[in-house]
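Please look through the structure below before reading on. The points that follow are meant for someone who has not seen it before.

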Amino acid sequence: ASLVNEPGSVTWNELNTRGAEAAREFYAGLLDLEMSIQDMGEMGEYTTLMKGDAMVAGVMDMAPGVPDFVPPHWLVYFATDDVDATVTRAKELGGSVTAPPMDIPGVGRFAVLDDPQGATFAVMTFEVPDV
């Protein structure tokens with residue numbers, strides 16, 4: 001993408017899967033990426049895929065409560081200056097909230113939404129710009 005990390009543009013991509021270890025090895029090998037693995041406590045490990053110093057995507061196992069019928073999927077995050085205002089506007093335009101606005105300490109604020117046709121996406125404001 002020629003424009004990233006600006007309001008309205010893509011700011012993050014995240015793979016949710018039931019085989020994070022195999023997935024991170026696959027994408028790191030395929031795309032010549034480095035991996036940074038963080039222990040997230042009861043949420044398991046979170047892998048950040050990196051190209052040099054640039055963080056390009058995340059990989060994580062789906063939470064245990066996610067129903068079996070939910071397939072592995074990539075979730076795209078769009079940058080916004082105000083997650084809460086974006087959620088309000090999405091609802092006004094016929095969207096729905098899958099995960100309400102919440103903070104990730106040291107990272108930023110995000111929410112997961114569905115558009116009126118049911119496509120899922122996320123919006124995010126990072127505490128540190130240009131992630």
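The numbered points below go through the helices, the salt bridges, some single residues and the backbone angles.

1. Status of the model. This is a predicted model. Every value in this note should be read with that in mind.

2. Helix H1 and its nonpolar patch. Helix H1 spans residues 20–31, and Leu30 has its place there. Is Leu30 buried or exposed? Leu30 has a relative accessible area of 53% and is therefore exposed, since the cut-off for that class is over 50%. Together with Phe26 and Leu31, Leu30 makes a nonpolar patch on the surface, with an area of about 310 Å².

3. The buried side of helix H2. Helix H2 covers residues 83–92, and its buried residues include Val83, Val87 and Ala90. These residues take up an arc of only 65 degrees around the axis, so they sit on the same side of H2. Which strands help to cover the buried residues of H2? The cover includes strand S6 (96–104), strand S7 (108–114) and strand S8 (120–126).

4. The two ends of helix H2. At the start of H2, Asp82 has a side-chain oxygen that comes to within 3.1 Å of the backbone nitrogen of Asp84. Just after H2 comes Gly94, whose phi is positive, at about 100 degrees.

5. Salt bridge between Glu45 and Arg24. How many salt bridges does the structure hold? There are five salt bridges in the structure. In one of them, the side chains of Glu45 and Arg24 meet, with an N to O distance of 3.2 Å. This pair links distant parts of the chain, as Glu45 belongs to strand S3 (residues 45–51) and Arg24 to helix H1, 21 residues apart. The accessibility of each partner should be noted as well. Arg24 has a relative accessible area of 8%, so it is buried, while Glu45 is partly exposed at 42% relative accessibility.

6. Salt bridge within helix H2. The side chains of Arg89 and Glu92 also meet in a salt bridge, at 3.2 Å from N to O. Both residues lie in H2, where three residues, or about one turn of the helix, set Arg89 and Glu92 apart. Arg89 counts as partly exposed, with 45% relative accessibility. Glu92, with a relative accessible area of 56%, is exposed.

7. Salt bridge between Arg109 and Asp103, and a network. Arg109 and Asp103 form a salt bridge through their side chains, with 3.0 Å from N to O. Which residues are joined into one network by salt bridges that share partners? The network is made up of Asp84, Asp103 and Arg109. Of these, Arg109 is partly exposed, at 24% relative accessibility, and Asp103 is exposed, at 53%.

8. Thr48 in strand S3. Thr48 has its place in strand S3. Why does Thr48 count as buried? Its relative accessibility is 5%, and buried means under 20%, so Thr48 falls in that class. Setting aside neighbours within four places in sequence, Thr48 is in contact with Trp12, Glu34, Met35, Ser36, Gln38, Met55 and Ala57.

9. Two loop residues. Met43 is placed in the loop between strand S2 (34–39) and S3. Met43 is exposed, with a relative accessible area of 57%. From C-alpha to C-alpha, Met43 and Met62 are 8.7 Å apart in space, with their positions 19 residues apart in sequence as the separation. Pro67 is found in another loop, the one between strand S4 (54–61) and strand S5 (73–79). With a relative accessible area of 36%, Pro67 is partly exposed. The C-alpha atoms of Pro67 and Ala90 are separated by 25 Å, and these residues are 23 residues apart along the chain.

10. Positive phi outside glycine. Most residues other than glycine have a negative phi. Asn5 is not a glycine, yet has a positive phi of about 60 degrees. Asn5 is in the segment before strand S1 (10–17). Asp32 also has a positive phi, near 55 degrees, in a residue other than glycine. Where is Asp32 found? Asp32 is in the loop between H1 and S2, and its relative accessible area of 56% makes Asp32 exposed.

Definitions and conventions: Residues numbered from 1 in each chain as written. Predicted model: local features only at pLDDT ≥ 70, side-chain atom pairs only at ≥ 80, totals over all residues. Heavy atoms only, no water. Patch = residues over 30% accessible without salt bridge, like charges linked within 9 Å, V, L, I, M, F, W, Y side chains within 5 Å. Areas by Shrake-Rupley, 256 points an atom, 1.4 Å probe, with all protein chains shown as cover. Salt bridge = Lys/Arg side-chain N within 4 Å of Asp/Glu carboxyl O. Helix = DSSP H or I, 4+ residues; strand = E, 2+ residues; numbered from the N terminus. Buried < 20%, exposed > 50% of the residue type's maximum accessible area, 1.4 Å probe, protein only. Arc of directions from axis to C-beta. Contact = heavy atoms within 4.5 Å. Polar contact = N/O pair within 3.5 Å; in protein donor to acceptor, adjacent residues only side chain to side chain.
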